[in-house]
Amino acid sequence: SLSPHLKACLHYFRLFPKSYEISVRRLLQLWPAERLVTPTEGKDMAPEDQAKKDFHQLVLMNMIEVVKLKSDGRPKTCRVPSSLSDYLFPDAESGGVFCIHDGSRSNATSSSSDLCVCRLAEHLDNLSSITPSDKKQFEYLHSYLFFVKRKGGKPAGEFGNLLKMVIAIRGYRLLRVLDLEDVYKPVLPETIGKLQLLRYVGLRRTFIDSIPKSLGDLHSLETLDMKHTNITSLPKSIWKVKTLRHLYLNDIHLQMSVQKPFVKPSLTNLRTLWGLSIGKKSPPLNWLENLSDLKNLGLICNIASLGKITNLIQGLTSLESLRLRSINDFYVPSDLAIGSLNNHKELKELYLLGRLPGPLKLHELPPNLRIFTLSLSYLSEDPMPVLGQLRELKALRLFAHSYIGEKMTCGNGGFPQLRVLKLWVLKELKEWTIEEGAMTALEKLEIRNCPKLKMPTELTKLSNLKELTLVKKF
């Protein structure tokens with residue numbers, strides 16, 4: 001039988017449409033925001049790590065089905081198996097704790113009017129079908145999630161009026177989770193700052209143009225996801241939210257976000273900082289040194305600030321994923337000298353975009369790298385003999401002009417765990433040799449716009465190869 005907290009995690013799937021593929025990234029941040037996970041092994045275990053452990057336990061018990069995998073084999077999307085969903089969730093309302101509104105009628109209206117819904121999910125074709133519900137019935141709402149089936153179209157202006165009504169009700173200020181992922185251009189009212197218990201604001205792929213300044217007044221905020229939006233600046237108060245753990249941006253400039261006089265950010269609990277752009281005249285960056293818990297870092301750096309950033313990265317040895325892009329004043333990819341990352345034992349995923357100063361050296365690479373992506377690196381020396389020695393490497397992506405040589409050799413016994421290889425726009429590459437015992441685990445090979453490349457006959461000997469994609473031009 002399931003423990004109470006695992007049962008709570010599993011029942012959370014009631015909020016999602018049946019057979020809906022939920023991003024594992026999204027789920028593992030919603031569970032902690034909902035306080036469904038509590039670290040059980042030692043006081044130092046982070047809620048996100050406990051959520052990951054609980055997720056894998058439910059997968060092993062066949063309670064959660066992994067639908068898609070990342071290129072290194074980690075779960076990407078998941079759902080409750082259809083054979084279990086009807087058995088596990090016979091009543092979506094669960095005594096008022098959960099409520100599903102499908103646009104035609106609210107399930108909660110068929111319940112007792114005394115029920116207090118804690119979690120509400122909107123399953124709609126579009127947001128025009130939203131109608132205000134019984135205010136008393138929902139005055140203790142903790143979580144509000146939207147699933148809009150039809151993507152794009154008319155901006156969701158109706159949502160702004162709805163949220164204003166929500167905030168106007170005193171009880172609605174208990175809201176902890178507001179997840180609008182994939183809702184097209186919702187309007188957030190300035191009064192959102194009154195939701196002082198709000199921990200999670202999900203705006204990914206909403207293409208929203210701006211956020212209210214009062215969002216920086218949410219002193220309980222833990223996750224703010226603005227990836228794939230049109231937001232270009234943040235209220236400077238965001239940088240003082242000490243509870244913030246995950247901040248996903250969309251190429252937001254630091255000098256635009258933190259106005260003069262510069263106030264040193266105090267995001268000491270940050271685990272994710274993704275999509276921040278460091279400009280030529282950026283404020284002091286030494287506050288990054290204090291982010292000892294930082295696991296995921298994605299930066300776009302002006303070449304003038306790159307040296308400071310790479311020095312700071314040397315000290316961030318807890319990083320698990322790093323994406324670094326170097327640009328010049330005209331936003332064109334530029335030189336990228338990052339130095340040695342050999343001390344980054346936890347670093348599993350690395351993406352470098354920019355011209356590297358010389359050939360790759362094994363002793364400068366993270367030893368436990370699982371996913372490695374290079375783009376516009378302009379390497380003149382074959383990187384394969386070095387990369388083939390990374391024993392944990394499962395996915396390698398050599399994108400546009402990452403290698404400009406004519407010959408490439410995967411040596412005997414190299415790439416023992418490589419599952420996915422992508423070669424894109426290597427326009428000078430002519431010969432590719434795969435020696436005996438190389439890439440024996442390769443499952444997926446994708447070659448795009450490598451016009452001079454002759455396909456190696458050794459590919460027929462790769463017994464695990466399941467998927468081969470050949471595209472002459474994009």
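C78 has a relative accessible area of 0%, and because the threshold for burial lies under 20%, this cysteine counts as buried in the predicted model. A second cysteine, C410, likewise has a relative accessible area of 0% and is buried. As for bonds between cysteine sulfur atoms, the criterion of a separation within 2.5 Å yields 0 disulfides.

The position of C78 leads to a small part of the fold. Strand β3 covers residues 75-79 and belongs to an open sheet of 3 strands, arranged in the order β1-β3-β2 with antiparallel pairing. Because β1 (22-23) and β2 (65-69) each have a single partner strand, they stand at the edges, and one side of each is left without a neighbour in the sheet. In general, strands of a sheet pair through backbone hydrogen bonds, in either a parallel or an antiparallel manner. Here, the antiparallel pairing of β1 with β3 extends over 2 bridges. One residue pair can be located within this pairing: S23 has T77 of β3 as its bridge partner.

The view may now be widened to the whole protein. Its secondary structure comprises 8 helices and 21 strands. The protein has 474 residues, and 51% of them count as buried. Among contacts with a separation of 6 or more, 52% are accounted for by residues 24 or more positions apart. The accessible surface comes to about 21200 Å², and carbon and sulfur atoms contribute 50% of that area.

Definitions and conventions:
Residues numbered from 1 in each chain as written. Predicted model: local features only at pLDDT ≥ 70, side-chain atom pairs only at ≥ 80, totals over all residues. Heavy atoms only, no water. Helix = DSSP H or I, 4+ residues; strand = E, 2+ residues; numbered from the N terminus. Buried < 20%, exposed > 50% of the residue type's maximum accessible area, 1.4 Å probe, protein only. Contact = heavy atoms within 4.5 Å. Areas by Shrake-Rupley, 256 points an atom, 1.4 Å probe, with all protein chains shown as cover. Pairing = 2+ DSSP bridges.
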